[in-house]
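Reader: Please take one part of this model and look at it closely, beginning with a single loop residue and then widening the view to what surrounds it. I would like the cut-offs spelled out as you go.

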Amino acid sequence: ARLLTRCGLEPMEAVDANIPNEPLRTLMEMADCRRLEGIAMHTPIPRYVVLSPGASNPRRMWPIARFAEVGRQLFSQFGLATVVVGGTADQSLCESLRRDIGPQAVSLAGKTTPLEMLDIISGATLFVGNDSGPAHLAGSLNIRTFVISPFPLSTTVDHPNSPLRFRPRGPRVLVFQAPFCA
């Protein structure tokens with residue numbers, strides 16, 4: 001969180017929203033997931049962060065270089081490996097991020113089913129991403145979730161995509177915003 005603040009972003013006040021997450025956990029248990037080792041690497045990843053750099057609109061995406069710095073810092077300071085997730089359309093972006101982070105990162109963009117992505121997110125120590133589908137999943141799974149919003153703190157609640165109205169919810173979700181438009 002301090003690193004994101006040093007990047008000029010400020011967190012919104014946490015929302016204590018208890019989103020029902022038991023249906024998601026039950027679904028994963030029924031599907032017998034927990035296959036990250038087989039998908040990502042030949043050895044288990046004990047502690048990892050999930051980075052999700054994609055978004056439906058490029059204007060809603062935080063710069064990839066910033067995500068790379070977060071991944072490198074989390075590894076050097078806390079020993080967290082990085083798992084980069086995204087859809088098929090995000091593959092080249094996610095692969096670029098993986099390369100920028102280094103050998104402690106793996107990209108699974110376009111390589112997982114929705115259930116496998118849900119499983120990967122559920123096992124993470126931390127999730128960092130743009131306001132997108134994976135961020136909403138992370139928040140609802142009670143994963144510590146840091147969401148980067150493209151809308152500055154000066155955005156009004158009347159804006160159609162204001163994070164004051166539409167954002168990932170959960171008891172461990174923090175939304176970070178720039179103070180003003182860049």
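Author: Ser132 sits in the loop that joins strand E5 (126–130) to helix H7 (133–140), where helices (H or I, at least four residues) and strands (E, at least two) are DSSP runs numbered from the N terminus. This is a predicted model, in which local features need pLDDT of at least 70 and side-chain atom pairs count only at pLDDT 80 or more, while totals for chains, interfaces and linings use all residues. Residues are numbered from 1 along each chain as its sequence is written, and side-chain values use heavy atoms, with hydrogens and water left out.

Ser132 counts as buried because its relative accessibility is 13%, the term meaning under 20% relative accessible area with a 1.4 Å probe and protein chains only. Apart from neighbours within four places in sequence, Ser132 is in contact (heavy atoms within 4.5 Å) with Ser52 and Gly54.

Turning to Val128, and again not counting residues up to four places away in sequence, its contacts are Val49, Val50, Leu51, Ser52, Phe67, Val70 and Phe146. The largest nonpolar core, a set of buried Ala, Val, Leu, Ile, Met, Phe, Trp, Tyr and Cys residues joined through side-chain atoms within 4.5 Å, has 21 residues, and Val128 is among those with the most contacts inside it, as are Leu4 and Trp62. At least two residues of this core come from each of strand E2 (48–52), helix H4 (64–78), helix H5 (91–101), E5 and strand E6 (145–148), and H4 gives the most, with four residues.

Conventions. Buried means under 20% relative accessible area, exposed over 50%, partly exposed in between (1.4 Å probe, protein chains only).
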